[in-house]
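Please look over the sequence and the model shown here. The paragraphs after it go through a few parts of the fold in turn.

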Amino acid sequence: MRIGIRAHDVAYAPLDELIPNIHKQGFHCMHIALSKSIKEFKPGVETMTPGLAMYIKELCAENKVDVAVLGCYLNLCNPNPEKHKEIVEKYKAHIRFASILGCGVVGTETGAVNEEYKYEPANHSDEALQCFIDNLRPIVKYAEQFGVIVAIEPVWKHIVNTVEKVLDAIDSPNLQIIFDPVNLLYTGNIDKQDEIIEKAFDLLLKDIAVVHCKDYVVENDELKSIAAGTGGLNYPLLLKKIKEHKPYVHCTLENTVPENAVATREFMEK
(Lines give C-alpha, C1' and ligand atoms only; values in the text may rest on other atoms or scores of the structure.)
Protein backbone atom coordinates (compact mmCIF):
# COMPACT_ATOMS: atom_id res chain seq x y z
CA MET A 1 0.00 0.00 0.00
CA ARG A 2 0.96 3.60 -0.57
CA ILE A 3 -0.36 5.07 2.68
CA GLY A 4 -1.25 8.74 2.69
CA ILE A 5 -3.24 11.41 4.47
CA ARG A 6 -5.59 14.26 3.68
CA ALA A 7 -3.48 17.42 3.54
CA HIS A 8 -6.08 19.35 5.54
CA ASP A 9 -5.81 16.83 8.40
CA VAL A 10 -2.14 17.74 8.87
CA ALA A 11 -1.22 20.73 11.04
CA TYR A 12 -1.53 23.78 8.79
CA ALA A 13 1.62 25.06 7.11
CA PRO A 14 2.33 26.81 3.80
CA LEU A 15 2.76 24.47 0.83
CA ASP A 16 6.55 24.58 0.96
CA GLU A 17 6.36 23.26 4.55
CA LEU A 18 3.15 21.21 4.36
CA ILE A 19 4.37 18.66 1.82
CA PRO A 20 7.74 18.13 3.53
CA ASN A 21 5.84 17.64 6.82
CA ILE A 22 3.70 14.93 5.20
CA HIS A 23 6.90 13.15 4.12
CA LYS A 24 8.48 13.53 7.57
CA GLN A 25 5.49 11.76 9.14
CA GLY A 26 6.17 8.73 6.95
CA PHE A 27 3.37 9.16 4.40
CA HIS A 28 3.87 8.30 0.74
CA CYS A 29 0.92 10.19 -0.71
CA MET A 30 -1.72 12.80 0.03
CA HIS A 31 -5.31 13.68 -0.77
CA ILE A 32 -5.37 17.42 -1.34
CA ALA A 33 -8.40 19.67 -1.62
CA LEU A 34 -6.88 23.01 -2.56
CA SER A 35 -9.60 25.10 -0.91
CA LYS A 36 -9.12 23.29 2.42
CA SER A 37 -5.33 23.00 2.42
CA ILE A 38 -4.11 26.37 1.13
CA LYS A 39 -4.51 29.50 3.22
CA GLU A 40 -1.67 31.63 1.84
CA PHE A 41 -4.09 32.74 -0.89
CA LYS A 42 -7.66 31.92 -1.87
CA PRO A 43 -7.63 28.95 -4.25
CA GLY A 44 -10.05 29.20 -7.13
CA VAL A 45 -10.34 28.65 -10.85
CA GLU A 46 -8.30 31.82 -11.46
CA THR A 47 -5.39 30.63 -9.27
CA MET A 48 -5.28 27.06 -10.64
CA THR A 49 -2.57 27.91 -13.15
CA PRO A 50 -0.03 25.56 -14.77
CA GLY A 51 2.58 27.31 -12.63
CA LEU A 52 0.85 26.34 -9.38
CA ALA A 53 0.39 22.77 -10.57
CA MET A 54 4.08 22.52 -11.50
CA TYR A 55 5.14 24.05 -8.18
CA ILE A 56 3.14 21.47 -6.20
CA LYS A 57 4.45 18.72 -8.50
CA GLU A 58 8.04 19.85 -7.82
CA LEU A 59 7.47 19.89 -4.05
CA CYS A 60 5.95 16.41 -4.22
CA ALA A 61 8.86 15.03 -6.25
CA GLU A 62 11.40 16.52 -3.84
CA ASN A 63 9.61 14.92 -0.88
CA LYS A 64 8.58 11.61 -2.48
CA VAL A 65 4.88 12.27 -1.91
CA ASP A 66 2.33 11.25 -4.57
CA VAL A 67 -0.82 13.27 -5.12
CA ALA A 68 -3.23 10.36 -4.77
CA VAL A 69 -6.40 12.47 -5.01
CA LEU A 70 -7.09 16.02 -6.10
CA GLY A 71 -10.38 16.66 -4.32
CA CYS A 72 -13.30 18.37 -6.06
CA TYR A 73 -16.18 17.49 -3.77
CA LEU A 74 -18.93 19.60 -5.30
CA ASN A 75 -22.56 18.73 -5.93
CA LEU A 76 -23.07 17.89 -9.61
CA CYS A 77 -26.84 17.69 -9.03
CA ASN A 78 -27.21 21.13 -7.48
CA PRO A 79 -30.68 22.21 -8.69
CA ASN A 80 -29.69 25.89 -8.96
CA PRO A 81 -28.74 26.37 -12.66
CA GLU A 82 -26.25 29.18 -12.00
CA LYS A 83 -24.50 27.30 -9.21
CA HIS A 84 -24.46 24.15 -11.32
CA LYS A 85 -22.73 26.06 -14.11
CA GLU A 86 -20.07 27.31 -11.67
CA ILE A 87 -19.59 23.79 -10.33
CA VAL A 88 -19.05 22.37 -13.81
CA GLU A 89 -16.38 25.00 -14.52
CA LYS A 90 -14.61 24.08 -11.27
CA TYR A 91 -14.60 20.41 -12.24
CA LYS A 92 -13.08 21.28 -15.61
CA ALA A 93 -10.44 23.44 -13.91
CA HIS A 94 -9.52 20.57 -11.59
CA ILE A 95 -9.21 18.19 -14.54
CA ARG A 96 -6.89 20.58 -16.40
CA PHE A 97 -4.89 21.13 -13.21
CA ALA A 98 -4.63 17.38 -12.57
CA SER A 99 -3.29 16.77 -16.07
CA ILE A 100 -0.27 18.97 -15.28
CA LEU A 101 0.05 17.95 -11.63
CA GLY A 102 0.21 14.25 -12.54
CA CYS A 103 -2.08 13.14 -9.72
CA GLY A 104 -3.78 9.77 -9.40
CA VAL A 105 -7.39 10.87 -9.69
CA VAL A 106 -9.72 13.82 -9.43
CA GLY A 107 -11.97 12.64 -6.61
CA THR A 108 -15.59 13.50 -5.94
CA GLU A 109 -18.66 12.34 -4.07
CA THR A 110 -22.02 12.02 -5.79
CA GLY A 111 -24.08 14.85 -4.44
CA ALA A 112 -27.68 15.41 -3.42
CA VAL A 113 -30.83 16.73 -5.04
CA ASN A 114 -30.79 19.88 -2.89
CA GLU A 115 -28.55 22.94 -2.67
CA GLU A 116 -27.64 22.16 0.95
CA TYR A 117 -25.90 18.90 -0.09
CA LYS A 118 -27.66 16.92 2.64
CA TYR A 119 -29.49 13.63 2.89
CA GLU A 120 -33.12 13.33 1.92
CA PRO A 121 -34.96 10.22 0.69
CA ALA A 122 -35.14 11.64 -2.84
CA ASN A 123 -31.36 11.23 -3.09
CA HIS A 124 -31.98 7.50 -3.55
CA SER A 125 -34.57 7.85 -6.29
CA ASP A 126 -34.12 6.69 -9.88
CA GLU A 127 -34.57 10.29 -11.00
CA ALA A 128 -31.66 11.46 -8.83
CA LEU A 129 -29.44 8.69 -10.14
CA GLN A 130 -30.25 9.61 -13.74
CA CYS A 131 -29.56 13.28 -12.99
CA PHE A 132 -26.15 12.37 -11.63
CA ILE A 133 -25.31 10.13 -14.59
CA ASP A 134 -26.39 12.82 -17.07
CA ASN A 135 -24.32 15.49 -15.30
CA LEU A 136 -21.27 13.30 -14.75
CA ARG A 137 -21.06 12.05 -18.34
CA PRO A 138 -19.72 15.34 -19.86
CA ILE A 139 -17.23 15.67 -16.97
CA VAL A 140 -15.83 12.22 -17.72
CA LYS A 141 -15.69 13.04 -21.44
CA TYR A 142 -13.72 16.18 -20.60
CA ALA A 143 -11.38 14.11 -18.43
CA GLU A 144 -10.81 11.70 -21.32
CA GLN A 145 -9.52 14.59 -23.43
CA PHE A 146 -6.86 15.36 -20.80
CA GLY A 147 -5.97 11.77 -19.91
CA VAL A 148 -7.28 12.21 -16.36
CA ILE A 149 -9.18 9.72 -14.20
CA VAL A 150 -12.28 10.90 -12.36
CA ALA A 151 -13.08 8.74 -9.33
CA ILE A 152 -16.47 8.83 -7.64
CA GLU A 153 -16.83 8.02 -3.97
CA PRO A 154 -20.12 6.30 -3.07
CA VAL A 155 -21.70 7.47 0.20
CA TRP A 156 -24.87 6.03 1.71
CA LYS A 157 -26.43 9.48 2.27
CA HIS A 158 -25.71 10.71 -1.24
CA ILE A 159 -27.19 9.86 -4.64
CA VAL A 160 -24.87 6.96 -5.37
CA ASN A 161 -24.51 4.41 -2.60
CA THR A 162 -23.89 1.55 -5.00
CA VAL A 163 -21.90 2.23 -8.12
CA GLU A 164 -22.48 -0.51 -10.69
CA LYS A 165 -25.21 1.41 -12.55
CA VAL A 166 -23.09 4.53 -12.93
CA LEU A 167 -20.08 2.63 -14.26
CA ASP A 168 -22.23 0.70 -16.71
CA ALA A 169 -24.10 3.77 -17.94
CA ILE A 170 -21.00 5.87 -18.64
CA ASP A 171 -18.68 2.99 -19.60
CA SER A 172 -15.36 4.85 -19.65
CA PRO A 173 -11.90 3.75 -18.47
CA ASN A 174 -11.51 7.30 -17.13
CA LEU A 175 -14.28 6.77 -14.58
CA GLN A 176 -13.17 4.80 -11.53
CA ILE A 177 -13.97 4.41 -7.82
CA ILE A 178 -12.71 5.67 -4.48
CA PHE A 179 -13.76 2.91 -2.10
CA ASP A 180 -14.54 4.03 1.44
CA PRO A 181 -16.34 1.21 3.27
CA VAL A 182 -17.41 3.41 6.19
CA ASN A 183 -19.20 5.76 3.80
CA LEU A 184 -21.42 2.88 2.69
CA LEU A 185 -22.52 2.08 6.25
CA TYR A 186 -25.35 3.36 8.40
CA THR A 187 -26.93 1.96 11.56
CA GLY A 188 -29.21 -0.28 9.50
CA ASN A 189 -26.43 -2.20 7.73
CA ILE A 190 -23.32 -2.22 9.92
CA ASP A 191 -23.92 -5.91 10.64
CA LYS A 192 -23.46 -6.50 6.90
CA GLN A 193 -20.12 -4.68 6.61
CA ASP A 194 -18.18 -7.84 5.70
CA GLU A 195 -20.63 -8.56 2.90
CA ILE A 196 -20.33 -4.97 1.65
CA ILE A 197 -16.52 -5.14 1.58
CA GLU A 198 -16.54 -8.53 -0.14
CA LYS A 199 -19.10 -7.37 -2.71
CA ALA A 200 -17.12 -4.22 -3.49
CA PHE A 201 -14.00 -6.22 -4.31
CA ASP A 202 -15.99 -8.81 -6.25
CA LEU A 203 -17.95 -6.38 -8.42
CA LEU A 204 -15.72 -3.32 -8.62
CA LEU A 205 -12.25 -4.81 -8.47
CA LYS A 206 -10.81 -3.37 -11.68
CA ASP A 207 -12.38 0.03 -11.04
CA ILE A 208 -11.10 0.70 -7.49
CA ALA A 209 -8.40 3.35 -7.90
CA VAL A 210 -8.06 4.58 -4.31
CA VAL A 211 -9.13 3.35 -0.86
CA HIS A 212 -10.09 5.80 1.89
CA CYS A 213 -9.34 4.48 5.36
CA LYS A 214 -11.23 5.60 8.42
CA ASP A 215 -13.33 3.93 11.13
CA TYR A 216 -16.59 4.48 12.95
CA VAL A 217 -18.40 4.42 16.26
CA VAL A 218 -22.15 4.69 16.82
CA GLU A 219 -23.25 7.76 18.78
CA ASN A 220 -26.87 8.88 19.21
CA ASP A 221 -27.96 6.24 16.70
CA GLU A 222 -25.68 7.64 14.00
CA LEU A 223 -22.26 6.66 12.70
CA LYS A 224 -19.42 8.99 13.63
CA SER A 225 -16.23 8.81 11.59
CA ILE A 226 -12.95 8.39 13.47
CA ALA A 227 -9.37 7.33 12.76
CA ALA A 228 -8.72 3.88 11.28
CA GLY A 229 -8.26 1.08 13.80
CA THR A 230 -10.09 2.85 16.62
CA GLY A 231 -13.66 1.71 15.90
CA GLY A 232 -15.81 -1.09 14.57
CA LEU A 233 -14.68 -1.61 10.96
CA ASN A 234 -13.29 -5.04 10.07
CA TYR A 235 -9.79 -3.91 9.12
CA PRO A 236 -8.32 -7.43 8.96
CA LEU A 237 -10.78 -8.21 6.15
CA LEU A 238 -10.28 -4.89 4.33
CA LEU A 239 -6.48 -5.07 4.48
CA LYS A 240 -6.52 -8.72 3.42
CA LYS A 241 -8.48 -7.75 0.31
CA ILE A 242 -6.15 -4.84 -0.43
CA LYS A 243 -3.06 -7.01 -0.01
CA GLU A 244 -4.48 -9.70 -2.31
CA HIS A 245 -5.83 -7.48 -5.07
CA LYS A 246 -4.41 -3.94 -4.81
CA PRO A 247 -0.86 -4.22 -3.39
CA TYR A 248 0.30 -0.70 -4.34
CA VAL A 249 -3.01 1.13 -4.22
CA HIS A 250 -3.14 4.61 -2.70
CA CYS A 251 -4.76 4.31 0.75
CA THR A 252 -5.41 7.71 2.27
CA LEU A 253 -6.32 8.14 5.92
CA GLU A 254 -9.34 10.21 6.87
CA ASN A 255 -10.58 11.68 10.15
CA THR A 256 -7.18 11.72 11.77
CA VAL A 257 -5.80 14.65 13.74
CA PRO A 258 -2.14 15.67 13.97
CA GLU A 259 -1.83 13.88 17.31
CA ASN A 260 -2.86 10.42 16.04
CA ALA A 261 -1.90 10.46 12.35
CA VAL A 262 1.43 8.64 12.73
CA ALA A 263 -0.06 6.05 15.09
CA THR A 264 -2.86 5.44 12.57
CA ARG A 265 -0.32 4.95 9.77
CA GLU A 266 1.58 2.49 11.98
CA PHE A 267 -1.64 0.57 12.66
CA MET A 268 -2.21 0.23 8.92
CA GLU A 269 1.36 -0.93 8.32
CA LYS A 270 1.29 -3.51 11.10
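In which loop is N220 found? The model is a predicted one, and in it N220 sits in the loop between β8 and β9, the latter covering residues 222-226. The phi angle of N220 is near 55°, which is a positive value in a residue other than glycine. With a relative accessible area of 77%, N220 is exposed.

A second loop residue can be set beside N220. N255 lies in the loop between β10 and α9, and its phi, near 60°, is again positive in a residue that is not glycine. N255 is partly exposed, at a relative accessible area of 28%.

A further loop, the one between α8 and β10, holds Y248. Is Y248 buried or exposed? Its relative accessibility is 69%, and residues over 50% count as exposed, so Y248 is placed in the exposed class. Apart from neighbours within four places in sequence, Y248 is in contact with M1 and R2. Y248 and R2 are 246 residues apart in sequence, yet their C-alpha atoms are 5.8 Å apart in space.

The loop of Y248 comes after helix α8, which spans residues 235-245. The buried residues of α8 are Y235, L237, L238, K241 and I242. They take up an arc of only 165° around the axis, and therefore lie on the same side of α8. On the other side, P236 and K243 are exposed. Which elements cover the buried residues of α8? Among them are the strands β6 (175-179), β7 (208-213), β8 (215-219) and β10 (250-253), together with the helices α7 (193-203) and α9 (261-269). Two of these strands, β8 and β10, have already come up as borders of the loops that hold N220 and N255.

Helix α3 can be read in the same manner. It runs over residues 50-63, 14 residues in total, and reaches 20 Å from its first C-alpha to its last, close to the 20 Å expected at 1.5 Å a residue. Buried in α3 are L52, A53, I56, L59, C60 and N63. Viewed down the axis of α3, these buried residues fall within an arc of 130°, so they line one face of the helix. The general reason for such a pattern is that an α-helix has 3.6 residues a turn, so residues three or four places apart point the same way. On the other side of α3, M54, A61 and E62 are exposed. The cover over the buried residues of α3 includes α1 (15-24), β2 (29-32), α2, β3 (66-71) and α4. After α3 comes K64, with a positive phi near 55°.

Two of the elements that cover α3, namely α2 and α4, also take part in the largest pocket. What is the volume of the largest pocket? It is about 520 Å³. The lining consists of 25 residues, and A33, S35, K36, G71 and Y73 are the ones that lie nearest the centre of the pocket. Helices α2 (34-37) and α4 (81-101) each supply at least two residues of this lining, and α2 gives the most, with 3 residues. By type, the lining residues divide into 8 nonpolar, 10 polar and 7 charged.

Definitions and conventions:
Residues numbered from 1 in each chain as written. Predicted model: local features only at pLDDT ≥ 70, side-chain atom pairs only at ≥ 80, totals over all residues. Heavy atoms only, no water. 1 Å grid on protein atoms, 1.4 Å probe; cavity = no way out; pocket = protein on both sides within 12 Å on 5 of 7 lines; lining within 4 Å. Points joined across faces, edges and corners; volume = space filled by probe spheres on them. Helix = DSSP H or I, 4+ residues; strand = E, 2+ residues; numbered from the N terminus. Nonpolar A, V, L, I, M, F, W, Y, C, P; charged D, E, K, R; others polar. Expected span 1.5 Å × (residues − 1). Buried < 20%, exposed > 50% of the residue type's maximum accessible area, 1.4 Å probe, protein only. Arc of directions from axis to C-beta. Contact = heavy atoms within 4.5 Å.
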